Amino acid sequence: MIRLNDILDGIHSYLPDTDTSLVEKAYIYSAKVHAGQTRLSGEPYLSHPLATAHILTQLHLDLASIAAGLLHDTVEDTLASLEELEKMFGKDVAQIVDGVTKLSKIRFESQIQKQAENTRKMVLAMSRDIRVLLVKLADRLHNMRTLEYQKDNKRVKIARETLDIYAPLAGRLGIGWIKSELEDLAFLHIYPEEDQRLRNEVEASLGKRKASVDEVKDLIAKKMADFGLSCKVLGRPKHRYSIFRKMRIRKIPLEEVYDLIAFRIIMKSAKDCYEALGIVHSLWKPIPGRFKDYISLPKTNMYQSLHTTVIGPHGERMEIQIRTEQMDAVANQGIAAHWLYKEGKIVSKENKHQFDWLFELTEWQKELDDPREFIESVKMDLFHNEVYVFTPKGEVQEFPRGATPIDFAYAIHTEVGSHCAGAKVNGRIVPLKYQFHNGETVEIITSNKHFPNRDWLKFAKTGRARTRIRQWIKTEERDKSLALGRDLCAREFKRHRLDFNNFIKTKGVEVAEALSFKTPEDMLIAAGYGKVATSQIIRKLRAGQPEEQPEEQEPKEKESRVKKFTEKAEQQGILIHGLDDILIHLGKCCTPVPGDEVVGYITRGRGVTVHRENCSNIINLDPDRRVEVTWAGADNATYPAKIRVSTVDQKGMLAAVSNAISAGEANILEAKVTTTPDYVAILDFVVDVKDRAQLRKILSSIRRLERVKLVERISPG
């Protein structure tokens, strides 16, 4: 357990002779209010704020941040108040604690809304004071280090949120060691079998490569010395999650991850870095297209380095990074390596642009009401692999990898994006879905006759572009739905011999409020979307009055068909919040099974389609037509799920995998086998399972088989 003296020693290592009374006072107060509380591990609760504060000393933060680290849970978990903290420790400390404190006293309709609102609050707080995020990262890092004491379902949820939100945030701030540790800890809890297997395989591989690594390091050091250059050469393995991600994206085994070890050459100056690059390229043949100069074009998180990949002495690919000592410090500590802020405010003008992403997040939280859309925008902007392009005037613009002219157009101005008709790259006309490469010059062609369409969402990469496109589509669809809802209601009222126009003037507000809508217009839009039936509006209008038969009855055949579908949906275990008597379909694009997080989408004329929450199709659809759905509980139904297994191509593997599926009491509906020239067999199965828990057990059983390289659940198609 970390002690107060460890924290004070840490502070004095970078702030010698500093008065630490504020931190000592915060320690005494935290110990007092947390007295008697314990963590799930059985340790005194005080161990957590102490560990958080100690991590902050490793980031070389100021005393207010460290005091806030000691106090960060006092408002949420004790009787302490913000007013009391401000009085005792000052406004700075109180504001940081407030920014870190969760919205624990507010009830949310769903888990995704809770996550969105907590993220929204943190974004606002960290835009005012970046230290809020640094304290939150330290808090999350220690929680991840002790995550094994949580229940299984909560552990996986926390790990997933860490991988989606907090690790990318650490990356955005350039704090490489926190990002890597958060990713590896999340990987351990989300994919425990893969983590253990990869750990063993990497250790075995590094053992075999040790002699080769030492040979390369010695050769680089000797060659630099021959040219009179002083350097330090390091050879370090990539962290496990980055290896796993590369294997998964490229669908390759560990043996084909050639840059398992990255060599780092630390030089005295930027000039020496470029000279060292020439020496490396004279030693080994560089691979075309694999050179990146982040010294002249630093990343937004201040990262600077030269990257090159070469063919090594034994014919293997080697990644080599060349940077100065200061650049190396920034690569590991990020913002914490520079005092870019004073009292949490970014004051260095030349570095202010590095936080444009944070200011954009702040703007989005104001504009995006839908929690899923907000979380998606945050994730999309945080997972940022940069590409640099130029405007016709020579100004550098930075975008995520895979960005297109649509992203460029919206980065210039919303009106330019909304009327984008085409683009020129290096003077050549390109399609709007063209993906940029580093160093290209981009020019946008506009026309007042062109407008956004839903297809743009398929290739727009930036949160700004996607948000603006959705807003335009939403406005268009809202107008169409209003007209359709008005038309549907007018017809239904006519069938019931009612005056629709008179109803809107006299009873519209009353009925709309009775159906939980703010205005009659909102009610009509919902009717157009299919969220409320016109019959419901008439029933509310006639509440307490005797029923009148309409002029025409609905055909009984259709009535029974709707009932049949509804009963089938209930047997499948789907509950739709706020809607009755409606057709329900499970999305064929993502094949949800009980236990998956799911969301419903109201289609035009086909009822509600249920998708997995992370389905790529639902992400691009109108958030106003989404509805909350849940699984009703245990039933006897089974659901198809598609899994893919990559194995060594040898006799008996298909039978072994099939037996593992059968042992998990699942029926195989389809099986397909393909092989690759490098003796890898890809086995695709569609299996019938009762729920996600059964599917996870089957996947775990397959992973334990020898010669199996990768097992994953995939979407059909």
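## Strands, helices and cysteines: how the labels are earned

Visitor: What makes strand 4 and strand 5 a pair?
Guide: Strand 4 and strand 5 are joined by six bridges and pair in the antiparallel sense. Two strands count as paired at two bridges or more, so six bridges meet that requirement. Please keep in mind that this is a predicted model.

Visitor: What links strand 4 to strand 5, and which residue there has a positive phi?
Guide: The two strands form a hairpin, with five residues between them. Gly 315, in the turn, has a positive phi of about 85 degrees.

Visitor: How many bridges join strand 3 to strand 4, and how do the two strands run?
Guide: Strand 3 and strand 4 (residues 306-311) are joined by two bridges and run antiparallel. Since the requirement is at least two bridges, these strands also count as a pair. Lys 292 has His 307 in strand 4 as its bridge partner.

Visitor: What order do the strands take in that open sheet, and what kind of pairing does it have?
Guide: The five strands follow the order 1-2-5-4-3, and the pairing is mixed. The parallel sense appears between strand 2 and strand 5, over six bridges, while strand 4 and strand 5 pair in the antiparallel sense. Ile 322 in strand 5 has Ile 265 opposite, and Leu 306 also stands opposite Ile 322.

Visitor: Why are strand 1 and strand 3 said to stand at the edges?
Guide: Strand 1 (232-237) and strand 3 (292-293) each have a single partner strand, so one side of each has no neighbour in the sheet.

Visitor: How many residues of strand 5 are buried?
Guide: Seven of the eight residues in strand 5 are buried, and the strand is mostly covered. Helix 12 (residues 192-226) lies across strand 5 (317-324), as well as across strand 1 and strand 2 (261-267). The direction of helix 12 is at about 25 degrees to strand 2.

Visitor: Why are helix 11 and helix 12 called oblique to each other?
Guide: The axes of helix 11 (residues 176-190) and helix 12 cross at roughly 120 degrees and come within 5 Å. An angle of 65 to 115 degrees would be roughly perpendicular and one over 145 roughly antiparallel; 120 degrees falls in neither range, so the helices are oblique. Among the residues that meet are Phe 187 and Leu 188 in helix 11, and Leu 198 and Arg 199 in helix 12. By class, this contact has five nonpolar, one polar and four charged residues.

Visitor: What angle do helix 22 and helix 25 make, and what is that arrangement called?
Guide: Helix 22 (residues 463-495) and helix 25 (residues 520-529) pack at about 90 degrees, with their axes 6 Å apart. The range for roughly perpendicular is 65 to 115 degrees, so this arrangement earns that name. The contact includes Leu 484 and Leu 488 in helix 22, and Leu 524 and Ile 525 in helix 25. Its residues divide into eight nonpolar, three polar and six charged.

Visitor: What order and pairing does the sheet of four strands have?
Guide: That open sheet has the order 20-21-19-22 with antiparallel pairing. Strand 20 (667-675) and strand 22 (708-714) stand at its edges, because each has a single partner strand. With direction ignored, neighbouring strands are turned by 20 degrees against each other on average. Six bridges join strand 19 (residues 639-648) to strand 22, and Val 645 stands opposite Val 711 in strand 22. Helix 29 (residues 653-663) packs on this sheet and touches strand 19, strand 20, strand 21 (680-689) and strand 22.

Visitor: How do you know that Cys 590 and Cys 615 are not bonded?
Guide: The sulfur of Cys 590 has its closest cysteine sulfur in Cys 615, 3.8 Å away. A disulfide needs the sulfurs within 2.5 Å, so this pair is too far for a bond. For Cys 615 the closest cysteine sulfur is in Cys 589, at 3.5 Å, also too far for a bond. A search of the whole structure finds zero disulfides.

Visitor: Why are Cys 590 and Cys 615 called buried?
Guide: Buried means under 20% relative accessible area. Cys 590 has 1% relative accessibility, so Cys 590 counts as buried. Cys 615 has 5%, so Cys 615 counts as buried too. Of the chain's 717 residues, 50% count as buried.

How values were computed: Residues are numbered from 1 along each chain as its sequence is written. This is a predicted model: local features need pLDDT of at least 70, side-chain atom pairs count only at pLDDT 80 or more; totals for chains, interfaces and linings use all residues. Side-chain values use heavy atoms; hydrogens and water are left out. Axes are lines fitted to C-alpha atoms, for helices over the stretch in contact, and angles run from 0 to 180 degrees between N-to-C directions. Contact means heavy atoms within 4.5 Å. Ala, Val, Leu, Ile, Met, Phe, Trp, Tyr, Cys and Pro count as nonpolar, Asp, Glu, Lys and Arg as charged, and the others, Gly among them, as polar. Buried means under 20% relative accessible area, exposed over 50%, partly exposed in between (1.4 Å probe, protein chains only).
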